[in-house]
Amino acid sequence: MTAPGAEDTRFVDLHMHSTASDGALAPAAVVAAAVKARLALMCLTDHDTVGGVAEAQAAGAEQGIEVSAGAELSAHDGSTEVHLLGLHLVKLEVIEGRMQEFRAGRERRGAQIVAALNAVGVPVTFEAVQQQAAGGAMGRPHIARALIAGGYARDMREVFERWLGAGKPAYVDKERLEVADAIAIVHAAGGVAVFAHPGKDGDRGRVERLVAAGLDGLEVRHPSHTADETARLVGFCEEFGLVQSGGSDWHGVPGPRVLGAMNVPYEWVEIQRERAVRWRGVPA
Ligand code: MN
Ligand code: MN
Ligand code: MN
């Protein structure tokens, strides 16, 4: 807490990835980068996993930075894929359990696609697809890569046009996580549910639907947003009583995204944590 009248000049970053998903740096190295960026707090938000959080929090305790537990869940609102950030999670086992179930569903679908390919004379194996997925959530790109590596096709385009695209012989509909379910999972884990980078997809209708499903906040500051988009999202936060969030969506690689560059004040975390209190004790 800051003394009354004194300005809190601490900054945070609430969106970043490590090697637990598609980031380039191990969780401890992400923490070191956050220290170097002089952040007071970081929230690790790997795609569909909290697998890097323990390492990051241990590193944070050593290096003197607060590390909050998070995840970025891929979900669907109708046919649109939306990303949902779960921030300040306390029951990590809830997230990991649900994501494991989900990964198992994706693997069942992968096996169905492989069987369909085999049935049309393409002898790719499930093991070859597993190798491409490397323990992550299995999807059609992994199957495509296995087909290309096996010499059955030249490129992704050919794979999707011949076999994997909608209406093709090895097309199997994806097991989807509905965004309302994703919000419920985050709440069951004791965190706040924030619509990630809604600059393009965060129209009024969608925001209203998500608010009705229990959404807590919007990621108003994100490197993909224009100033106009940020202003519109801030307006939605005021109108719907949502908390604001922001982060760099840093993946540990050099480029336009810079850790800490969204200048998110520490105060936003305090407001988010107050909001999270209402979800503590929600059954899984
Ligand atoms: Mn990513
Ligand atoms: Mn995303
Ligand atoms: Mn991200």
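This report walks through the metal sites, the sheet and several helices of one structure.

The model is predicted.

## The metal sites

Three manganese ions are described here, and the table gives the protein donors of each.

| Ion | Donors | Donor distances |
|---|---|---|
| manganese ion (ligand 1) | Asp22 (OD), His47 (NE2), His251 (NE2) | 2.1 to 2.2 Å |
| manganese ion (ligand 2) | Glu72 (OE), His83 (ND1), His197 (NE2) | 2.1 to 2.2 Å |
| manganese ion (ligand 3) | His15 (NE2), His17 (NE2), Glu72 (OE), Asp249 (OD) | 2.1 to 2.2 Å |

Start with the manganese ion (ligand 1). Its donors are spaced D-x24-H-x203-H along the chain. Asp22 sits in the loop between strand S1 (11-13) and helix H1 (27-36), and His251 sits in the loop between strand S7 (243-246) and strand S8 (264-265), so this pair ties together parts 229 residues apart in sequence. Is Asp22 buried or partly exposed? Asp22 counts as partly exposed because its relative accessibility is 43%.

Next comes the manganese ion (ligand 2). The spacing of its donor residues in sequence is E-x10-H-x113-H. Glu72 belongs to strand S3 (residues 66-77), while His197 belongs to the loop between strand S5 (192-195) and helix H8 (204-212), so the pair links parts that are 125 residues apart in sequence. Glu72 has a relative accessible area of 1%, so this residue is buried. His197 has a relative accessibility of 23% and therefore counts as partly exposed.

The manganese ion (ligand 3) has the donor spacing H-x1-H-x54-E-x176-D. His15 and His17 are both buried. Glu72 appears among the donors of the manganese ion (ligand 3) and also among those of the manganese ion (ligand 2).

How far apart are the ions? The manganese ion (ligand 1) lies 5.9 Å from the manganese ion (ligand 2). The manganese ion (ligand 3) and the manganese ion (ligand 1) are separated by 4.6 Å.

## The sheet

Strand S3, home of Glu72, is part of an open sheet of eight strands. The strand order is S7-S6-S5-S4-S3-S2-S1-S8, and the pairing is mixed. Which strands stand at the edges? They are S7 and S8; each has a single partner strand, so one side of each lacks a neighbour in the sheet. In general, strands of a sheet pair through backbone hydrogen bonds, either parallel or antiparallel.

At the S7 edge, the partner is strand S6 (residues 217-221), and the two run parallel, joined by four bridges. Arg221 stands opposite Gly246 of S7. Glu219 has Ser245 in S7 as its bridge partner.

## Helix H9

What lies between these two strands? S6, helix H9 (residues 227-240) and S7 together make a right-handed β-α-β unit.

The model has one aromatic pair. Phe236 and Phe240 form this tilted pair, with 5.9 Å centre to centre and 55 degrees between the planes. The two residues are four apart in helix H9, which means that about one helical turn separates them. Phe236 is buried because its relative accessible area is 6%. Phe240 is partly exposed, with a relative accessible area of 21%. The cut-off for buried is under 20%.

## Helices H3 and H5

Glu96 lies in helix H3 (residues 92-119). Its relative accessibility is 18%, so Glu96 counts as buried. What does the side chain of Glu96 make a polar contact with? The partner is the side chain of Thr49, at 3.4 Å. Beyond its neighbours within four places in sequence, Glu96 is in contact with Thr49, Val50, Gly51 and Arg103.

Helix H3 also plays a part in covering helix H5. Which residues are buried in helix H5 (residues 140-149)? They are His142, Ile143, Ala144, Ala146 and Leu147. Their cover includes H3, helix H4 (126-133) and helix H6 (156-164). After H5 comes Gly151, which has a positive phi near 80 degrees.

Terms used
Residues are numbered from 1 along each chain as its sequence is written. Chains are lettered from A and ligands numbered from 1 in the order in which they are written. This is a predicted model: local features need pLDDT of at least 70, side-chain atom pairs count only at pLDDT 80 or more; totals for chains, interfaces and linings use all residues. Side-chain values use heavy atoms; hydrogens and water are left out. Buried means under 20% relative accessible area, exposed over 50%, partly exposed in between (1.4 Å probe, protein chains only). A polar contact is a pair of N or O atoms within 3.5 Å; within protein, one must be able to donate a hydrogen and the other to accept it, and residues adjacent in sequence count only if both atoms are side-chain atoms. Contact means heavy atoms within 4.5 Å. Donors are N, O and S atoms within 2.8 Å of the metal (3.2 Å for Na, K and Ca); water is not among the atoms, so sites may look incomplete. Two strands pair if DSSP finds at least two bridges between them. A crossover is right-handed if, with the strands pointing away from the viewer, the path from the first strand over the helix to the second runs clockwise. Rings of Phe, Tyr and Trp (its six-membered ring) pair if their centres lie within 6.5 Å; planes under 30 degrees apart count as stacked, over 60 as edge-to-face and the rest as tilted.
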